[in-house]
Amino acid sequence: MPPTSPAPGRVAVIGAGPAGMAAALSAHQAGHHVTLFERYPQARPAGNILNLWPAPIKALGLLGVDTDDLGAPCQSEFRNLRGKRRVQVRLPEHVIRDYGGGFIGLLRPDLYERLLAALPAGVLRTGHTVEGVEQDNRAVRLYLADGQVHEADVLIGADGINSLVRRTLWGESPIRPHHLQLFGGYTFTDQVPAPRGRCVLTHGPTVQGAFTAIRSKGRDGFQWWVLTAHDADRPVPTDPHAAATRLARAFPHPLPELIAATDPAHVQSWPIRDRKPLTQWSKGRITLIGDAAHPTSPYAAYGAGMATEDGYFLGRHLAGIDLTDTTAVHHALNAFETPRKPHTARQSQTAWMLGKIFHHAPALLRPLRDAVLDHTPLLQKVVGEATPGEILKQLDAIDRAEAAFTTALGTPRRG
Ligand SMILES: Cc1cc2nc3c(=O)[nH]c(=O)nc-3n(C[C@H](O)[C@H](O)[C@H](O)COP(=O)(O)OP(=O)(O)OC[C@H]3O[C@@H](n4cnc5c(N)ncnc54)[C@H](O)[C@@H]3O)c2cc1C
């Protein structure tokens, strides 16, 4: 006999980014009533360029998101300015085959479109800023800017790096500036003979220049970025296209040509920042996911990916749970965060450390750094092997979560 399901609970999610939309989809699939609050009039991405690893692609598929032809398959490698390959990121063939090419290059708005298309009607409430949150043993209350009060059994804080929910639960924690500035853009030019199927990250003494093949709505193109040491207290160049052009001059083909072919309207600039990982995410009936829990530098190319995984796993942990039962909720939230914390903290800390090594090494030490990176397997181990290893572990964890989810729901599901 299948287990009897408890009555559906009320789940509120703050923030319609990748974390919040994935959590809303997963909690909805778990049978709960979900309300997703977004402050802006639309769920809109705060940027253009993106790469995704296979584990988030797998999670998206299980959440009912169409991942077909979402991006261009890319094999990533790190090189030095002379073109010597320092790292090759290798994923197993079957992973590359099963998940759209393994690591894919895409445009962020395309991911949002696909997530939004999968969200059931009535779940997303845009134009609603949450200004306050409180909880007691029985429920959580959200205070909206328009004066409404929304009550839920469980609250998921997916409200990004400046999370109100994080602050409410755990107090202020300082932003950690990486003193890096990223300029990034994309182009669909057919005038630059750049290789497809590659994500090539090249490092000069203090600047990284990179390009990736992308696909968007059936069109082949390229995205690129230039990441440079930049004192966070100094003003940022007002023309990001000109700044990227200047910084990329010393870089090999095709980066300068791709930048030249890019419409300046398709170039953006971001300061790189994070916060130190938290030791605890959940308190009572409230938890954190995505950047609210573990903001991560783009060096990992995994912040949105981990946010998506968080949302997926959290919803799975809420399946078969009576959300009015405080103890059951507490256990489910703890079971969710326990394996997520070491995984996400490792990614954030490695990304932070790579930023330091590549962009902030003292000038005198740079020749030694480059000799180590060029002639020892250190970087291949840290980036080329550790990251795919983590991704494979996440793929296995998703298989286990899906099996447990099937049991909790008592109905067979498609994988
Ligand atoms: C330049 C750059 C490149 C990157 N490249 C990659 C990459 O290649 N791959 C990758 O995986 N990651 C990448 N990342 C990281 C990725 O963008 C983030 O980790 C990801 O967006 C986090 O998703 P999230 O849903 O947790 O938060 P967010 O995307 O920040 O979404 C939070 C949402 O909450 C809403 N919100 C906030 N407060 C409130 C409130 N009080 N009430 C209502 N709504 C609220 C916001 O409006 C927003 O929509 C990159 C980041 C940068 C800056």
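**Close-up views of a predicted model**

**View 1. Strand 6 and its two antiparallel neighbours.** In strand 6, Phe 103 is the bridge partner of Cys 74. We're looking at a predicted model here, as in every view that follows. Strand 4, residues 72-80, pairs with strand 6 in the antiparallel sense, over 3 bridges. Strand 3, residues 49-52, also runs antiparallel to strand 6, and that pairing has 4 bridges. To find your way around the strand 3 pairing, look for Asn 51, which stands opposite Gly 105 of strand 6.

**View 2. Strand 6, covered on both faces.** How many of the 5 residues of strand 6 are buried? The count is 5 of 5 for this stretch, residues 103-107, so the strand is largely enclosed by the rest of the structure. One side carries Phe 103, Gly 105 and Leu 107, the other Ile 104 and Leu 106, and all of them are buried.

**View 3. Leu 106 up close.** Staying in strand 6, this view picks out Leu 106. Its relative accessible area is 0%, and since the cut-off for buried is under 20%, Leu 106 counts as buried. Leave out the neighbours within four places in sequence, and Leu 106 still has plenty to show: it is in contact with Asn 48, Ile 49, Leu 50, Asn 51 and Leu 52, with Leu 70 and Gly 71, and with Leu 111, Ile 214, Arg 215 and Gln 223. For a landmark from another part of the chain, try Ala 304: it sits 198 residues from Leu 106 in sequence, yet the C-alpha to C-alpha separation is 12 Å.

**View 4. Helix 2 and the glycine after it.** Helix 2 spans residues 54-62, and because 8 of its 9 residues are buried, it is largely enclosed by the rest of the structure. The buried set reads Pro 54, Ala 55, Pro 56, Ile 57, Lys 58, Ala 59, Leu 60 and Leu 62; yes, there's a lysine in there. Just past the end of helix 2, Gly 64 adopts a positive phi of about 85°.

**View 5. The largest nonpolar core, with Leu 142 picked out.** Which residues touch the most other members of this 118-residue core? They are Leu 52, Leu 142, Leu 155 and Trp 224. Helix 9 gives the core its largest share, 8 residues. As a general point, nonpolar side chains in soluble globular proteins tend to be buried together. Zooming in on Leu 142, and skipping neighbours within four places in sequence, we find it in contact with Ala 12, Ile 14, Phe 37, Val 130, Gly 132, Gln 148, Val 149, His 150 and Leu 155.

**View 6. The second largest pocket.** This pocket holds about 380 Å³ of space. It is lined by 20 residues, and Phe 313, His 317, Pro 339, Ala 397 and Arg 400 are the closest to its centre. Helix 8 (303-317), helix 9 (326-359) and helix 11 (378-409) are the elements that each give two or more residues to the lining. Helix 11 supplies the largest share, 9 residues. By type, the lining divides into 11 nonpolar, 3 polar and 6 charged residues.

**View 7. Asp 374 and its basic company.** Asp 374 belongs to helix 10, residues 366-375. Is Asp 374 buried or exposed? With a relative accessibility of 12%, Asp 374 counts as buried. Setting aside neighbours within four places in sequence, Asp 374 is in contact with Asn 80, Arg 82, Lys 84 and Arg 86.

How values were computed: Residues are numbered from 1 along each chain as its sequence is written. This is a predicted model: local features need pLDDT of at least 70, side-chain atom pairs count only at pLDDT 80 or more; totals for chains, interfaces and linings use all residues. Side-chain values use heavy atoms; hydrogens and water are left out. Buried means under 20% relative accessible area, exposed over 50%, partly exposed in between (1.4 Å probe, protein chains only). Contact means heavy atoms within 4.5 Å. On a 1 Å grid over the protein atoms alone, a cavity is a set of points where a 1.4 Å probe fits but cannot get out, and a pocket is an open set with protein on both sides within 12 Å along at least five of seven lines; lining residues have an atom within 4 Å of a point. Grid points are joined across faces, edges and corners, and a volume is the space filled by probe spheres set on the points. Ala, Val, Leu, Ile, Met, Phe, Trp, Tyr, Cys and Pro count as nonpolar, Asp, Glu, Lys and Arg as charged, and the others, Gly among them, as polar. A nonpolar core is a set of buried Ala, Val, Leu, Ile, Met, Phe, Trp, Tyr and Cys residues joined through side-chain atoms within 4.5 Å. Two strands pair if DSSP finds at least two bridges between them.
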